[in-house]
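Open your viewer and get ready to select. This tour goes one stop at a time.

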Number of protein chains: 2
Amino acid sequence: MKHEYVTMKGATMKEVAAHAGVALSSVSRVLNNHPDVSEAMQRQVHDAIAAVGYEPNLLASSLRRGSTETVGFIASDISNPLFAEIVLGAERRLDESGYSMVLTNSEGNPERDEAMIRLLRRRRIDGLILSVADEDRPGTIAELSKLAEPVVLIDREVSGFHTASAVFTDHSGGMRAASEHLLSLGHRRIALISGARSLRPVRERLKGFEAAFATRGLQVPEDLLRFGSFSAPFGQQATAELLALDDPPTAIISGGNLLLTGVLRALQAGQRSVGGDISLISCDDVPLAELHTPPISVVDRDAVQMGDAAASLLLDLLAGGDRPRVAEVPTHLLLRGSTQPLAVD
Amino acid sequence: MKHEYVTMKGATMKEVAAHAGVALSSVSRVLNNHPDVSEAMQRQVHDAIAAVGYEPNLLASSLRRGSTETVGFIASDISNPLFAEIVLGAERRLDESGYSMVLTNSEGNPERDEAMIRLLRRRRIDGLILSVADEDRPGTIAELSKLAEPVVLIDREVSGFHTASAVFTDHSGGMRAASEHLLSLGHRRIALISGARSLRPVRERLKGFEAAFATRGLQVPEDLLRFGSFSAPFGQQATAELLALDDPPTAIISGGNLLLTGVLRALQAGQRSVGGDISLISCDDVPLAELHTPPISVVDRDAVQMGDAAASLLLDLLAGGDRPRVAEVPTHLLLRGSTQPLAVD
DNA sequence: AACAGTACTGGTAACGTTTTCAGCAGACCA
DNA sequence: TGGTCTGCTGAAAACGTTACCAGTACTGTT
């Protein structure tokens, strides 16, 4: 038997209509379950759809309809377990409202950020959730401004772009609590390691850190501040530097969950025992923090809730919400074995 | 000059053409840098584009062109750090060839898997990379079969669907090495905890496990096999059960990096010291494994390479490669402090 | 009986692109 | 001079939908 591999280039509505012996527009009505369509027509069309193996073309549909029912999500770092939860929370919420989500990651690269915004804009997404890699980059701001669709920022404030809603974390509150706790344990030489100062979470954490010192009338140990990037290698390098100081810190705050890995590597390399030689607090409760020996105290937050909040804000704008709004999710300090009173010699 | 800030509801090529005083088709030619277009025309059109603020509509373009230059990636679990690396590897490779990637996650839910395949198909993606949650689910197979575009499976073999390329991990080799190592340390009561048996990695790991026992003429301890899901809670529950046995294991193999978290929780709760009371090997080198006390031996593999391989296979098919191919990435055993000789009483 | 409304259907013009086809210069060759 | 060729451009037909506008056949009201 000779197979005629007609590739079946995918049947269209036109062929469905022909097969059912009805008009093209009737098929469309059935598919979009328009109110005014008879039982008979319903069956006829559905049978024809099954018969020819019709598959809707969302490109054509979106083009005509003028909306894609899709929102974009640009994650700055997929490998951060926190983002996975944010994405999850957002996706569930969007699903409920019939939107689907396309996820892209910028790998923390501002240029990719820019490219992704542009790409999604050209794809005509209906809305965008993102957490830009650099709040001040002109190119990013320009791309965002060209976007007519609603935007929700996650833990970012982009200078000169005030038409977006945003969901913030109370980083300063969390960091203040963490710092106060260390101070109350007697620590004074407390180091803070975090990402680039151009990011809101970093600025906020620093604020909280400074506030804790201020309320006690103490000087912030400026020489122990290290801002670079939210990466394990930076955490490792910064920690190694700090340990090598003449007057090294007695406690370290790791402002970012990926940093923690690096910090721990450096402490291990430097033969410092966590909790014993040096106290440690990190941000975001990842398995590593919980299962480390000793377990590591963290400033935690509900990432799923963040995603949910972001999606809700976006849906609000999509539904015609006129002015941007802001949501804030709280942080809470989880105390574990890594924070101990300062040993007095 | 008075700036007329008309909101410019997105200029189209038509308006560019009008502004430049040329034909629509000429604008198109310039944009797709067609060979036959004069210098003058180039400038004229580009000026007009800048003037009216034109932005290409990829929906229309894809519809007309018949291809989206986009491949889909369905991740079964975004929160698995391994997937992040696979995605990274794939995305980089695809980028080079001018394809972009849309990422979705199925949360390990077979129904979502199915829905995502259907959605992407309707979006007319040019190809698909995925790792289905359930290899035997008829619905998934049906959805995949309806897809005319090339598919690459990651660590999965779908029964009755042989038109896809695939990238496999040498799980059986890795697991065999791990098992042999434990046997050589004197362990005989070795437990294996892994995901659902309907997944290739689980089957392969079991094969390697069994092979190691077989070559020594030993019986596989059937009562110590636990297959359920790749999740922390399952790892915890299975481990707790194993510890409660009359003749508990002296070594545990965690066949999945998310399982490890649960296994460690259960061991902690059961007051067992890793390496001392019980030896432990996990799969995939995550920070938790490296930084645990003691560090945990793992069967590792290069996840970025997996993504790269998957993308390469897909690109091959997209370029007209007629028949599906298979790539295999190796595993290697990293020995650390969690595996110790069996203590003799 | 005339009219207005209701329930349904068909035809057709968009949506914003790309691609084919034909046309028009001028150049080159014989 | 006539001819084909080459470089460039414009017009128009797709791509697969949805939405609008009529039109038809009933139903109910006065």
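A residue counts as near a strand if one of its heavy atoms lies within 4 Å of that strand. Keep in mind that this is a predicted model.

**Stop 1: DNA strand C.** Select the strand and its surroundings. There are 25 residues around DNA strand C. S26(A), S38(A), R64(A), Y54(B) and R64(B) come nearest. Now look at the strand's own atoms within 4 Å of the protein: 59% belong to sugar or phosphate, and the rest to bases.

**Stop 2: contacts from chain A.** Select S26(A). An N or O atom in its side chain is 2.6 Å from a phosphate oxygen of DNA strand C. Move to S38(A). Here a polar side-chain atom lies 2.8 Å from a phosphate oxygen of that strand. Next, pick R29(A). Its polar side-chain atom lies 2.9 Å from a base nitrogen of DNA strand C.

**Stop 3: the helices.** Show α2 (24–31) and α4 (58–65) in chains A and B. Each supplies at least two residues of the surface near DNA strand C. Which helix gives the largest share? It is α4(B), with four residues.

**Stop 4: DNA strand D.** Select this strand next. Of the 26 residues around it, Y54(A), R64(A), S26(B), S38(B) and R64(B) come nearest. Sugar and phosphate account for 63% of the DNA strand D atoms that come within 4 Å of the protein.

**Stop 5: contacts with strand D.** Pick S28(A). A polar side-chain atom there lies 3.0 Å from a phosphate oxygen of DNA strand D. For A23(B), a polar backbone atom is 3.0 Å from a phosphate oxygen of the strand. Finish at S25(B): an N or O atom in its side chain is 3.2 Å from a base nitrogen of DNA strand D.

Notes
Residues are numbered from 1 along each chain as its sequence is written. Chains are lettered from A and ligands numbered from 1 in the order in which they are written. This is a predicted model: local features need pLDDT of at least 70, side-chain atom pairs count only at pLDDT 80 or more; totals for chains, interfaces and linings use all residues. Side-chain values use heavy atoms; hydrogens and water are left out. A polar contact is a pair of N or O atoms within 3.5 Å; within protein, one must be able to donate a hydrogen and the other to accept it, and residues adjacent in sequence count only if both atoms are side-chain atoms.
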